[in-house]
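Me: Could you walk me through this model? I'd like to start with a single residue and work outwards from there.

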Amino acid sequence: NNILSLIPHLTGLLNALKSINISKELKNKYEADLYLISGDIQYKWTKKLALARKYFKLALEKNNNNHFSSRVLATLLKNLSGACLTMNLLEESLGYCKRSIELCKTFPDSELILADNFQITGTYYRKNNDFEKSHK
């Protein structure tokens, strides 16, 4: 698959950033973008959820100057929540999901992201045997 062939290149770019002399702000921006892409590939294509979680969390950490748009950040948080949920890190999953839902209120056309978040929330409650909340 062509997407999977990107993995070594992304790793190479991340390693190259360590030796490039650029501002910390710019380095964080590029690292956040590369970690986000790496997390997406691991989450959607390889299904290596622990690795996806690691990359998504690094992307969040490097996004300290908030260069991600609200839509991108809401999607990242939703995907991180989904990975955590599948790994049975239920409380962590719910926290990211709630943050994503709040962000969805700040931009238009967020219905699909919200729908995924509501599905994650329902699964969270089902896994916690709270069947009444899982249907709401």
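Me: How does Asp40 count by relative accessibility?
Reply: Asp40 has a relative accessibility of 22% and therefore counts as partly exposed, the class between buried (under 20% relative accessible area) and exposed (over 50%), with a 1.4 Å probe and protein chains only. Please keep in mind that this is a predicted model, in which local features need pLDDT of at least 70 and side-chain atom pairs count only at pLDDT 80 or more, while totals for chains, interfaces and linings use all residues. Residues are numbered from 1 along each chain as its sequence is written, and side-chain values use heavy atoms, with hydrogens and water left out.

Me: Where is Asp40 found, and what is it in contact with beyond its sequence neighbours?
Reply: Asp40 belongs to helix 2, helices being DSSP runs of H or I with at least four residues, and strands E runs of at least two, numbered from the N terminus. With neighbours up to four places away in sequence set aside, Asp40 is in contact with Trp45, Phe56 and Asn79, where contact means heavy atoms within 4.5 Å. Asp40 and Leu80 lie 40 residues apart in sequence, and their C-alpha atoms are 9.4 Å apart in space.

Me: OK, zooming out: how many helices and strands does the protein chain have?
Reply: The protein chain has seven helices and zero strands, so to speak an α-α-α-α-α-α-α run of elements from the N terminus on. Its C-alpha trace spans about 55 × 30 × 25 Å along the principal axes, and 40% of the 136 residues count as buried. If contacts between residues at least 6 apart in sequence are taken, 56% of them join residues at least 24 apart.

Me: Back to helix 2, then. At what angle does it cross helix 3?
Reply: Helix 2 (residues 24–46) and helix 3 (residues 49–62) cross at roughly 160°, with axes that come within 8 Å; the axes are lines fitted to C-alpha atoms, for helices over the stretch in contact, and angles run from 0 to 180 degrees between N-to-C directions. That angle is why helix 2 is roughly antiparallel to helix 3, since angles over 145 degrees count as roughly antiparallel, under 35 as roughly parallel, 65 to 115 as roughly perpendicular and the rest as oblique.

Me: Which residues make that contact?
Reply: Helix 2 contributes residues including Tyr35, Leu36, Asp40 and Tyr43, and helix 3 contributes residues including Leu51, Tyr55, Phe56 and Leu58. By class, the contact of helix 2 with helix 3 has eleven nonpolar, four polar and three charged residues, with Ala, Val, Leu, Ile, Met, Phe, Trp, Tyr, Cys and Pro counted as nonpolar, Asp, Glu, Lys and Arg as charged, and the others, Gly among them, as polar.

Me: What's in the loop between helix 2 and helix 3 that has a backbone worth checking?
Reply: Lys47 lies in that loop, and its phi is near 60°, a positive value in a residue other than glycine. Most residues other than glycine have a negative phi. Lys47 counts as exposed because its relative accessibility is 56%.

Me: And which residue in the loop between helix 5 and helix 6 has a positive phi?
Reply: Asp109 lies in that loop, and it has a positive phi of about 55° although it is not a glycine. With a relative accessibility of 59%, Asp109 counts as exposed.

Me: How do the two helices on either side of Asp109 pack?
Reply: Helix 5 and helix 6 (residues 111–127) pack at about 155° with axes 10 Å apart, and they are therefore roughly antiparallel to each other. Their contact includes Leu94, Cys97 and Ile101 of helix 5 and Ile113, Phe118 and Tyr124 of helix 6. By class, the contact of helix 5 with helix 6 has ten nonpolar, four polar and two charged residues.

Me: What about helix 5 against helix 4?
Reply: The axes of helix 4 (residues 70–86) and helix 5 (residues 90–104) come within 8 Å and cross at roughly 160°, which means that helix 4 is roughly antiparallel to helix 5. Among the residues that meet are Leu73, Ala74 and Leu77 in helix 4 and Tyr96, Ser100 and Leu103 in helix 5.

Me: Last one: is Leu103 buried or exposed, and what does it touch?
Reply: Leu103, in helix 5, is buried, with a relative accessible area of 19%. Not counting residues up to four places away in sequence, Leu103 touches Ser70, Leu73, Ala74 and Leu77. The C-alpha atoms of Leu103 and Arg71 are separated by 7.6 Å, although the two are 32 residues apart along the chain.
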